[in-house]
Amino acid sequence: VDPLEGHPTQVALGSHRLSYYWHEEFEQSRFADAYVQREFRTQRLAGRKGTAYLFDTNSIHKGTPEGSQHRDVIVVEYHHA
């Protein structure tokens, strides 16, 4: 994934340490970009073809809407039984 044109996932570093609360309503789980930019350093997850990465999805994260290149994504979630 190209870090500028490949629609990389962006993660707010250290945000996995926040308390996680499940919200039935999608909008209640959103964070304003201004808050994230003020409180966290962000990283675009990118790499050459075949690169993979893992991150805690409780972290603040989002896709990058800008970009001209296609990307494929596989999402796998694990939950306790």
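**Salt bridges, burial and a surface patch in a predicted model**

Author: In this predicted model, the side chains of E39 and R38 meet in a salt bridge, with 3.2 Å from N to O.

Reader: Why is the pairing of E39 and R38 called a salt bridge?

Author: The term asks for a side-chain nitrogen of Lys or Arg within 4 Å of a carboxyl oxygen of Asp or Glu, and the N to O value for E39 and R38 is 3.2 Å, so the pair meets the criterion. As background, side chains of opposite charge can pair when their charged atoms come close.

Reader: How do you know whether E39 and R38 are buried or exposed?

Author: R38 has a relative accessible area of 58%, and because exposed means over 50%, R38 is called exposed. E39 stands at 44%, which lies between the limits of 20% and 50%, and therefore E39 counts as partly exposed.

Reader: How many salt bridges does the structure hold, and what makes D33 and K62 one of them?

Author: The structure holds two salt bridges. The side chains of D33 and K62 also meet at 3.2 Å, N to O, and since the cut-off is 4 Å, this pair qualifies as well. The pair links distant parts of the chain, with D33 in helix α1 (residues 33–39) and K62 in strand β3, 29 residues apart. With relative accessibilities of 42% for D33 and 35% for K62, both residues count as partly exposed.

Reader: Why is Q10 called buried, and where is Q10 found?

Author: Q10 is found in strand β1, residues 9–12. Its relative accessibility is 15%, and because buried means under 20%, Q10 counts as buried. Leaving aside residues up to four places away in sequence, Q10 touches Q43, R44, I60, H61, K62, G63 and T64.

Reader: What makes the approach of the Q10 and T64 side chains a polar contact?

Author: The side chains of Q10 and T64 are joined at 2.8 Å, and the term covers suitable N or O pairs within 3.5 Å, so the value satisfies the distance limit.

Reader: What makes V76 eligible for a nonpolar surface patch?

Author: A patch residue needs over 30% relative accessible area, and V76, with 55%, is exposed and therefore passes that limit. V76 lies in the segment after β3 (61–63), and together with I74 and Y78 makes a nonpolar surface patch of about 450 Å².

Reader: Which elements does the protein chain contain, and in what order do they run?

Author: The secondary structure comes to one helix and three strands, running β-α-β-β from the N terminus on.

Definitions and conventions
Residues are numbered from 1 along each chain as its sequence is written. This is a predicted model: local features need pLDDT of at least 70, side-chain atom pairs count only at pLDDT 80 or more; totals for chains, interfaces and linings use all residues. Side-chain values use heavy atoms; hydrogens and water are left out. Patches are made of residues with over 30% relative accessible area and no salt bridge: like charges are joined within 9 Å, nonpolar side chains (Val, Leu, Ile, Met, Phe, Trp, Tyr) within 5 Å. Accessible areas come from the Shrake-Rupley method with a 1.4 Å probe; for residues, only the protein chains shown count as cover. Helices (H or I, at least four residues) and strands (E, at least two) are DSSP runs, numbered from the N terminus. Buried means under 20% relative accessible area, exposed over 50%, partly exposed in between (1.4 Å probe, protein chains only). A polar contact is a pair of N or O atoms within 3.5 Å; within protein, one must be able to donate a hydrogen and the other to accept it, and residues adjacent in sequence count only if both atoms are side-chain atoms. Contact means heavy atoms within 4.5 Å.
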